[in-house]
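Me: Please examine one part of this model closely: the interface between the two protein chains. I should like a connected account of how the chains meet, followed by what they present to the nucleic acid.

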2 protein chains.
Amino acid sequence: MAHGGKHPPMKGIRQLAEHLDISIGTVSRALNGKPDVNEETRKRVLAAAEQLGYVANQSGRSLRQGTTNVIGLMIQSSKETVENSDNFFLTVTGGLQSVFARHNLDLIMLPCPNDEDPYEYLKRMVARRIVDALIISETQRIDKRFDLLAKAKIPFAALGRSLSIGQHPWADLDFDGVVNCAVDRLVALGHRRIAISAPSSDINLGFIFVEGYRRALERHGIDFEPALVIRAKSSEQGGYQVADELLRLEERPTAVILIYELMAIGLYRRLMEAGIIPGRDIAVVGFREAPRAKFLQPPLTCFRTSVHDLGVELAEILLSSMPAYSHIYPKTKRQMIWPLQLVPGESDSFHLKVE
Amino acid sequence: MAHGGKHPPMKGIRQLAEHLDISIGTVSRALNGKPDVNEETRKRVLAAAEQLGYVANQSGRSLRQGTTNVIGLMIQSSKETVENSDNFFLTVTGGLQSVFARHNLDLIMLPCPNDEDPYEYLKRMVARRIVDALIISETQRIDKRFDLLAKAKIPFAALGRSLSIGQHPWADLDFDGVVNCAVDRLVALGHRRIAISAPSSDINLGFIFVEGYRRALERHGIDFEPALVIRAKSSEQGGYQVADELLRLEERPTAVILIYELMAIGLYRRLMEAGIIPGRDIAVVGFREAPRAKFLQPPLTCFRTSVHDLGVELAEILLSSMPAYSHIYPKTKRQMIWPLQLVPGESDSFHLKVE
DNA sequence: CATAGGATCGTAAACGTTTACGGAATGCGT
DNA sequence: ACGCATTCCGTAAACGTTTACGATCCTATG
């Protein structure tokens with residue numbers, strides 16, 4: 001705890017240089033670890049900087065070297081996102097930062113206001129050059145932002161796939177693997193009529209999830225029934241709606257796959273209201289483990305992964321595409337699908353065997 | 001959609017000026033709405049800027065005028081926060097932005113890595129002068145950050161109270177009102193032994209909540225029993241623990257107040273395991289309404305508020321303390337307690353009357 | 001007509017930093 | 001003693017913008 005208090009206010013590197021009676025250039029070199037400086041004077045400079053609490057002004061530095069040492073993570077605080085994600089982004093952020101910190105890169109989150117077009121918002125942020133690189137999330141199936149970023153020649157990576165992504169770097173959860181595993185498991189338990197919930201197919205996730213589902217059924221020789229695909233929001237409310245739809249079907253499915261774990265709360269509720277017990281009368285598999293999954297009754301069968309580590313991977317993918325860091329993170333993996341593991345609960349292991 | 005494509009890459013205001021054959025100073029004045037410029041040339045400049053996609057470089061501007069037009073919201077991605085808050089901050093962010101947008105202020109989120117001391121992190125951010133003003137959240141009961149910000153003379157406001165806050169601006173939820181209302185209601189229903197859950201009293205919230213609880217009991221002539229204060233994490237797991245503790249008590253309380261709605265999930269679960277039905281055998285009141293509260297069985301009695309509007313208030317409080325905006329937002333309210341309303345569920349309206 | 005003054009614009013300095021360049025001092029070999 | 005390489009440091013230019021100041025032109029007023 002050796003920073004100042006009784007010292008004159010630190011105005012900039014100039015005062016620091018005067019205080020040390022060294023030229024301003026040498027001070028800068030000393031602070032930045034440049035070679036042309038005596039090891040002893042470097043020590044003096046660093047000590048003085050620490051003592052006077054000097055930190056380089058970011059604007060000056062950025063202006064000169066055209067770099068900000070800041071990475072932006074763009075998120076959208078849409079109503080959907082707010083209701084739906086259980087701090088997914090905060091967890092990813094932790095992983096990202098653990099990598100960025102090693103290079104003195106700071107991560108900031110850029111929340112796009114929900115009354116502003118994400119494309120326009122991003123354009124503004126890019127133009128202001130407040131960040132060196134960007135991570136965009138909540139990718140749409142067709143997402144103009146990729147073109148924008150490519151044209152602006154600003155390094156970026158995406159959290160989530162998109163049709164527009166081309167050869168650009170991204171990382172995403174293995175939705176395909178999840179739905180495959182879920183279907184396999186349910187089929188092994190004797191199910192043939194398996195419903196699935198998914199968001200609108202505009203969202204890339206909605207498309208991928210259902211496609212995986214279709215192929216998985218095909219693999220088992222089960223016909224794909226469009227009526228069993230239920231589009232709903234990824235929230236408790238959405239889960240309630242899904243159950244509603246299920247109950248409306250003339251021939252009720254014996255199993256349902258939820259794309260978001262929170263939905264189980266609403267789904268359970270609606271099923272209970274109808275006297276249907278999850279895990280006994282109908283099998284439920286949820287996607288993505290959350291703390292509350294194991295507190296549901298019956299505990300939800302779902303899929304676990306380390307979102308933090310996904311952030312680590314994504315950070316490395318991004319850095320590997322930044323000229324200044326690409327020598328550290330070789331460009332081997334530029335696109336990655338992040339695996340999840342099944343966590344068996346009791347929501348799908350019911351005693352009633354189908355027919 | 002009139003921005004460039006076939007134009008030469010926009011390097012800066014200088015190119016724009018050459019393209020228009022106007023001096024660089026005039027262009028700047030035109031863009032910034034300064035008075036000394038002919039209305040017609042201003043139009044020309046604005047049109048050309050739009051067409052060529054010119055946006056002022058933030059570093060240059062910041063360096064010159066010592067202002068960034070960016071407001072920072074510091075959050076902490078601690079494990080506790082991640083498990084606990086259901087996108088509370090994203091919602092607040094929406095309210096903040098709706099105000100900031102009116103003044104061309106951008107909001108960025110500064111997530112403090114969980115392996116870094118929040119104080120040091122903040123110090124770094126302040127020194128780098130990446131933001132004009134700051135909002136800090138998750139205030140501790142004793143929080144050195146207030147001194148830091150005051151000394152740095154950077155405008156700030158706090159989301160959450162603190163002992164260290166002095167006359168600084170803040171906004172906070174009305175925890176006191178909530179616990180008062182909850183106790184009143186439970187007492188009116190005939191309860192005398194009311195338990196309460198709260199986080200550690202290091203967290204300011206933990207202290208305030210329990211103090212309000214103590215005073216409310218006093219008002220009703222009920223003795224304060226330390227054993228009925230259960231410290232637990234604000235998560236499903238925490239709720240489970242609370243129920244555990246309740247069951248361990250020799251004389252079981254007839255009601256319990258939860259400080260966080262999510263805890264109800266774990267609490268319900270543990271109670272059910274013990275054959276105790278919430279709403280019939282024990283009354284439960286939760287704090288802060290969340291989408292899932294109404295999907296619990298029985299629906300949770302809890303407290304509702306517009307977190308978005310809280311953000312609006314907080315933004316205005318902050319701006320009123322910034323010299324550049326204090327003429328717009330008069331300094332009437334610098335500290336504000338945000339009210340909540342009771343949303344009756346069925347978790348406390350049980351038929352069994354106490355003795 | 002002379003001039004005051006307003007309207008509009010150009011010029012150049014400043015913001016704080018990094019870095020290319022050159023200079024001084026030193027060490028070493030001949 | 002001389003040349004040369006090495007080590008260290010100071011000087012100054014550059015990054016893109018804003019803005020104080022002064023210059024110019026025009027109009028109105030005496």
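Reply: The account below treats the contact between the protein chains and then turns to one DNA strand.

The model is predicted. Chain B can be superposed on chain A with an RMSD of 0.1 Å, by a turn of 180 degrees and a shift of 0.0 Å along the axis. That is the relation of a two-fold axis. The copies meet through the same surface, because 98% of the interface residues of chain B are also interface residues in chain A.

In terms of residues, chain B brings 54 to the contact and chain A brings 53. About 4700 Å² is buried between chain B and chain A, and carbon and sulfur atoms give 58% of this area. Within the area that chain B buries against chain A, B:Arg128, B:Arg269 and B:Phe295 supply 16%, more than any other three residues.

The polar side of this interface can be described next. Between chain B and chain A there are 13 residue pairs in polar contact, counting pairs with both residues at pLDDT 80 or more. Four salt bridges are found across the interface of chain B and chain A. B:Arg124 forms a salt bridge with A:Asp106, and the closest N and O atoms of the pair are 2.3 Å apart. On the side of chain B that touches chain A, the elements giving two or more residues are α4, β1 (70-76), α5 (79-84), α6 (88-100), β2 (106-112), α7 (118-128), α11 (236-248) and α12 (263-273) of chain B. By class, that side of chain B holds 26 nonpolar, 18 polar and ten charged residues.

The remaining topic is DNA strand C. Around DNA strand C there are 26 residues, of which A:Ile13, A:Lys34, A:Tyr54, A:Arg64 and B:Ser23 come nearest. The residues of this surface divide into seven nonpolar, twelve polar and seven charged. Of the atoms of DNA strand C within 4 Å of the protein, 61% belong to sugar or phosphate, and the rest belong to bases.

Individual atom pairs involve both bases and phosphate. A backbone N or O atom of A:Gly60 lies 3.1 Å from a base nitrogen of DNA strand C. In the side chain of B:Arg29, an N or O atom is 3.0 Å from a base oxygen of DNA strand C. For B:Thr41, a side-chain N or O atom is 3.2 Å from a phosphate oxygen of DNA strand C. The elements that give two or more residues to the surface near DNA strand C are α2 (24-31) and α4 (58-65) of chain A, together with α2 (24-31) and α4 (58-65) of chain B.

Key: Residues are numbered from 1 along each chain as its sequence is written. Chains are lettered from A and ligands numbered from 1 in the order in which they are written. This is a predicted model: local features need pLDDT of at least 70, side-chain atom pairs count only at pLDDT 80 or more; totals for chains, interfaces and linings use all residues. Side-chain values use heavy atoms; hydrogens and water are left out. Copies are superposed by least squares on the C-alpha atoms of residues with pLDDT of at least 70 in both. Contact means heavy atoms within 4.5 Å. A residue is near a molecule or strand if one of its heavy atoms lies within 4 Å of it. A polar contact is a pair of N or O atoms within 3.5 Å; within protein, one must be able to donate a hydrogen and the other to accept it, and residues adjacent in sequence count only if both atoms are side-chain atoms. Helices (H or I, at least four residues) and strands (E, at least two) are DSSP runs, numbered from the N terminus. Ala, Val, Leu, Ile, Met, Phe, Trp, Tyr, Cys and Pro count as nonpolar, Asp, Glu, Lys and Arg as charged, and the others, Gly among them, as polar. Buried area is the accessible area (1.4 Å probe) that two parts lose on being put together, summed over both. A salt bridge is a side-chain nitrogen of Lys or Arg within 4 Å of a carboxyl oxygen of Asp or Glu.
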